[in-house]
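Hi everyone, thanks for making the time. I have one structure to walk you through today, so let's put it on the screen.

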Amino acid sequence: MITTPSQTNGLNQLSRSLYTDGSAIVNTMIQTSGAIGTAVAVSILHAGQRSFLSQTRDPSNLSMQVEALIAGIQDAFIFASIVAIIVLFCSCFIKLISVGAVGENNDRVKDPVIKKQLI
């Protein structure tokens with residue numbers, strides 16, 4: 001929900017010749033941060049499981065292992081919820097930039113080839 005508007009807003013800062021590079025960087029960062037977020041969430045899930053099992057008398061009991069899995073999942077969801085709330089709060093501070101079409105604002109066009117075509 002936030003990725004597309006923020007990507008558009010960020011790409012509006014670039015000249016047309018840099019759109020492909022900017023898009024590649026943004027997409028790489030999305031993939032990398034998704035992988036890091038997944039790894040952190042799984043680590044929190046595992047830590048929650050181990051913490052729960054360390055407090056039980058019989059960690060090899062199947063019902064205790066299921067409850068430990070549930071406890072780990074709850075910890076991971078709490079983490080994801082906190083991250084989502086922080087991101088939602090931070091999204092309120094994204095500055096929206098109104099940019100006209102490329103030709104309406106010749107000062108914004110940085111690529112000399114495109115600027116020459118507009119004149």
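Before I start, one term: when I say contact, I mean heavy atoms within 4.5 Å. With that in hand, and bearing in mind that this is a predicted model, here is how the chain relates to itself. Take the contacts between residues at least 6 apart in sequence: 54% of them join residues at least 24 apart.

So what is the chain built from? The protein chain has four helices and zero strands, and reading from the N terminus the order is simply α-α-α-α. There are 119 residues, and 13% of them count as buried. The accessible surface comes to about 9,000 Å², with 65% of that area belonging to carbon and sulfur atoms.

Let me zoom in on one residue, Leu45, which sits in helix H2. Is Leu45 buried, exposed or partly exposed? Its relative accessible area is 22%, so Leu45 is partly exposed, given that buried means under 20%. Leaving out residues up to four places away in sequence, Leu45 touches Leu69, Gly72, Ile73 and Ala76. You can also check Leu45 against Phe79: the two are 34 residues apart in sequence, and their C-alpha atoms are 9.6 Å apart in space.

Phe79 brings me to the pocket, since Phe79 is one of the residues lining the largest one. That pocket has a volume of about 290 Å³. Which elements give two or more residues to its lining? They are helix H1 (3–11), helix H2 (19–54) and helix H3 (62–91). H2 gives the most, with seven residues. If you want to select the lining on your own screen, it is Thr3, Ser6, Gln7, Val26, Ile30, Ser33, Gly34, Gly37, Thr38, Ala41, Phe79 and Val83. By type, the lining divides into five nonpolar residues, seven polar and no charged.

Last stop, the cysteines. A disulfide is a covalent bond between the sulfur atoms of two cysteines. How many disulfides does the structure hold? The count is zero. Cys90 is in no disulfide, and the nearest cysteine sulfur to its own, that of Cys92, is 8.7 Å away. The cut-off for a disulfide is 2.5 Å between the sulfur atoms, so this pair does not qualify. As for their surroundings, Cys90 is partly exposed, with a relative accessible area of 44%, while Cys92 is exposed, at 60%.

That's my tour; happy to take questions.

Technical notes
Residues are numbered from 1 along each chain as its sequence is written. This is a predicted model: local features need pLDDT of at least 70, side-chain atom pairs count only at pLDDT 80 or more; totals for chains, interfaces and linings use all residues. Side-chain values use heavy atoms; hydrogens and water are left out. Buried means under 20% relative accessible area, exposed over 50%, partly exposed in between (1.4 Å probe, protein chains only). Accessible areas come from the Shrake-Rupley method with a 1.4 Å probe; for residues, only the protein chains shown count as cover. On a 1 Å grid over the protein atoms alone, a cavity is a set of points where a 1.4 Å probe fits but cannot get out, and a pocket is an open set with protein on both sides within 12 Å along at least five of seven lines; lining residues have an atom within 4 Å of a point. Grid points are joined across faces, edges and corners, and a volume is the space filled by probe spheres set on the points. Ala, Val, Leu, Ile, Met, Phe, Trp, Tyr, Cys and Pro count as nonpolar, Asp, Glu, Lys and Arg as charged, and the others, Gly among them, as polar.
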